[in-house]
Amino acid sequence: MTAEQLTDALRARFPDLSVRPVDTAPSATVEPATLHGHMRFLRDELAFDMLEAVYRLFCSEARASLMVRVVLPRRAARVPTVSDIFRTAEWHEREAAEMFGIEFEGHPDPRRLLLPDDLEGHPLLKDFTHPNLRRLPETA
Amino acid sequence: MADIPAPPTAPTPAPAASDEFILNVGPQHPATHGVLKVVVTMDGEVVKDIVPHIGYVHRGLEKLFENRTWEQIIPFTDRTDYLSAIANNFAYVMAVERLLGLQVPRKVEYIRVIMAELNRIASHLLWLAAYGLDMGAFTPFLYAFRDREEIGSMIESASGGRLTTNYFRIGGFVHDLPPDFFPRLRAFVGHFGRKVDEYDTLLIENAIFVARTRGVGAIDRDLAMSCGMSGPCLRACNAPRDVRKDTPYSLYPRLEFDIPVGRHGDTWDRSKVRIEEMRQSLRILRQAMDGYPEGDFKVRVPRNIEPPAGEVYVAVEGPRGEVGFFLVSDGSRKPYRVKMRTPSFSNFSALPDILRGGKIADLVAVMGSLDLVVPEMDR
């Protein structure tokens, strides 16, 4: 299965889904409510079996990858966990939760992963402030 | 007398059943090869559950990247996995070049592959040395470090650094290879094959080593994939997955080499796969030396790099597995977002599944066989 066939299969199953090529991999933008259904379809029927970060999937049979994008509102960033479908998401979701303040509903172990327990805020958000964090001067 | 406030109490773990007890391994423990902690719940010597804790050396690199120009990030990538600085450089530089739409000269591709494979051998040698120590064998440590020294000197002659090399640049390298590089490389490739055979018989096929590792810490292929494992740890489970073959990059599509796989996914298979990979790296080095072209060691790029807005994910096969960079550019001199996909992070997250139901004595054997580099997990 090539990247084009993957895109066609996705479009055939979910006609409303927006799928566009980004770099060499197609990219699909989905709603939080439908993420779980999409992920299950991708694993069970399109044989995607590896995942990482914000939903980059790799199909080892087709040697093709797909980016799945969920658009979340900043104030109520809530999305169901996919760690029950792809195990590796468990730690990646823990990291995304502490770094960006995204809540992964139904996560089996929602503790912090990398950050100290007493740190306030979500460091990878652009408006995060900390006394030790300064903008570096511009170089010529 | 003023009241002395009570010290803050640490959260207590869930009460264990009467015949269970909890053992902390780390954060300072020789078997962790860095700073991490595992909390093991045991029933006698059987591991009932294991909870890994990481983040002790988290430096917030992904945040720091957002405050650096594209070129300034390269030396930081050295310091994630310091044993495979070149693989990290390679992935990052290639990702930026993809954003820029930049083609590099053929000679640059050759040097990159030579450096990456030398780095893979050096990393596997250090694993062999450290793992021998973990298993109580001291001699392989001395042997492996002797050969790793040669690679260190070669890499130093090209880059000036032995471990954190900072050799790659966007569009090429900081220097060309020195004139005496190829005679040294040729000598190394000429004799190292016999050394690998020696290590194979000395440690891997050693009866005591086999008894301690065969059938220990096996993981099922589908579970390993679901856990996002990659590199030798995944290939040991009979899954021939290698970024160099799956999404071919640089020179690799034109080189002949095999992907060694194990059969049972156990600790011994993970060890054997690494030994076999050193032989394959030698094959690659021979081909790269023979086809080495004349040409430039870099392509001219602007002093201030401003890649067009866009995003890209580029991965290479590092010694530990898939090293990937997800870059988002907003068209400015600094990246908008950099996400590093590091192999030890995902490999280590599978530890509870590998070890649950096993014996506590196997903990060290299993953790060593995963070839963990902690700063790479924590970033």
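How many bridges join β2(B) to β3(B), and in which sense do these strands run? The two strands are joined by 7 bridges and run antiparallel, and they belong to an open sheet of 3 strands in chain B. The model discussed here is a predicted one, and the points below cover two sheets of chain B, a helix pair, a loop glycine and an outline of chain A.

**The sheet β1-β2-β3 of chain B**

- This open sheet has 3 strands in the order β1-β2-β3, and the pairing between them is antiparallel. Because β1 (20-25) and β3 (46-53) of chain B each have a single partner strand, they stand at the edges, and one side of each is left without a neighbour in the sheet.
- Neighbouring strands of this sheet are turned against each other by 20° on average, direction ignored.
- β1(B) pairs with strand β2 (residues 37-43) of chain B in the antiparallel sense, over 6 bridges. Within this pairing, N24(B) has V39(B) of β2(B) as its bridge partner, while the bridge partner of F21(B) in β2(B) is M42(B).
- On the pairing of β2(B) with β3(B), V40(B) stands opposite I50(B), a residue of β3(B). These two strands form a hairpin with 2 residues between them, and G44(B), which lies in the turn, has a positive phi of about 65°.

**The sheet β6-β7-β8 of chain B**

- A further open sheet, again described by 3 strands, has the order β6-β7-β8 in chain B with antiparallel pairing. Its edge strands are β6 (310-318) and β8 (337-341) of chain B, each of which pairs on one side only.
- From one strand to the next, the twist in this sheet averages 10°.
- β6(B) and strand β7 (residues 321-329) of chain B pair over 9 bridges in the antiparallel sense, and G318(B) stands opposite G321(B), which belongs to β7(B).
- Helix α3 (residues 85-100) of chain B lies across β6 and β7 of chain B, and its direction makes an angle of about 150° with β6(B).

**Helices α11 and α14 of chain B**

- Two packed helices are described by the angle between their axes and the distance between the axes. For helix α11 (residues 267-290) and helix α14 (residues 362-369) of chain B, the angle is about 30° and the axes are 9 Å apart. That angle makes α11(B) roughly parallel to α14(B), since angles under 35 degrees count as roughly parallel.
- The crossing of α11(B) and α14(B) is left-handed. On the side of α11(B), the contact is made by T267(B), R270(B) and S271(B), and on the side of α14(B) by A365(B), V366(B) and S369(B).
- By character, the residues in the contact of α11(B) with α14(B) divide into 2 nonpolar, 3 polar and 1 charged.
- α14(B) is mostly covered, with 7 of its 8 residues buried. The buried residues are D362(B), L363(B), A365(B), V366(B), M367(B), G368(B) and S369(B).
- The elements that cover the buried residues of α14(B) include β1, β2, α4 (106-134), α7 (207-213), α11 and α13 (351-355) of chain B.
- After α14(B) comes D371(B), whose phi is positive, near 55°.

**G262 of chain B**

- G262(B) is placed in the loop between α10 (243-246) and α11 of chain B. Is this glycine buried or exposed? G262(B) is buried, because 23 other C-beta atoms lie within 10 Å, where the cut-off for a buried residue is 20 or more.
- Leaving aside residues up to four places away in sequence, G262(B) touches R235(B), A236(B), C237(B), N238(B), D269(B), R270(B), K272(B) and V273(B). One of these, R270(B), is also part of the contact between α11(B) and α14(B).
- G262(B) and R341(B) are 79 residues apart in sequence, and their C-alpha atoms are 24 Å apart in space.

**Outline of chain A**

- The secondary structure of chain A comes to 3 helices and 7 strands, which follow the pattern α-β-β-α-β-β-β-β-α-β when read along the sequence.
- Of the 140 residues of chain A, 33% count as buried.
- Among the contacts in chain A between residues at least 6 apart in sequence, 47% join residues that are at least 24 apart.

Technical notes: Residues are numbered from 1 along each chain as its sequence is written. Chains are lettered from A and ligands numbered from 1 in the order in which they are written. This is a predicted model: local features need pLDDT of at least 70, side-chain atom pairs count only at pLDDT 80 or more; totals for chains, interfaces and linings use all residues. Axes are lines fitted to C-alpha atoms, for helices over the stretch in contact, and angles run from 0 to 180 degrees between N-to-C directions. Helices (H or I, at least four residues) and strands (E, at least two) are DSSP runs, numbered from the N terminus. Angles under 35 degrees count as roughly parallel, over 145 as roughly antiparallel, 65 to 115 as roughly perpendicular and the rest as oblique. A crossing is left-handed if the near helix is turned anticlockwise from the far one by less than a right angle, and right-handed if clockwise. Two residues are in contact if their C-beta atoms, placed from the backbone, lie within 7 Å. Ala, Val, Leu, Ile, Met, Phe, Trp, Tyr, Cys and Pro count as nonpolar, Asp, Glu, Lys and Arg as charged, and the others, Gly among them, as polar. Two strands pair if DSSP finds at least two bridges between them. A residue is buried if 20 or more other C-beta atoms lie within 10 Å of its own, exposed if 12 or fewer, and partly exposed in between; C-beta atoms are placed from the backbone.
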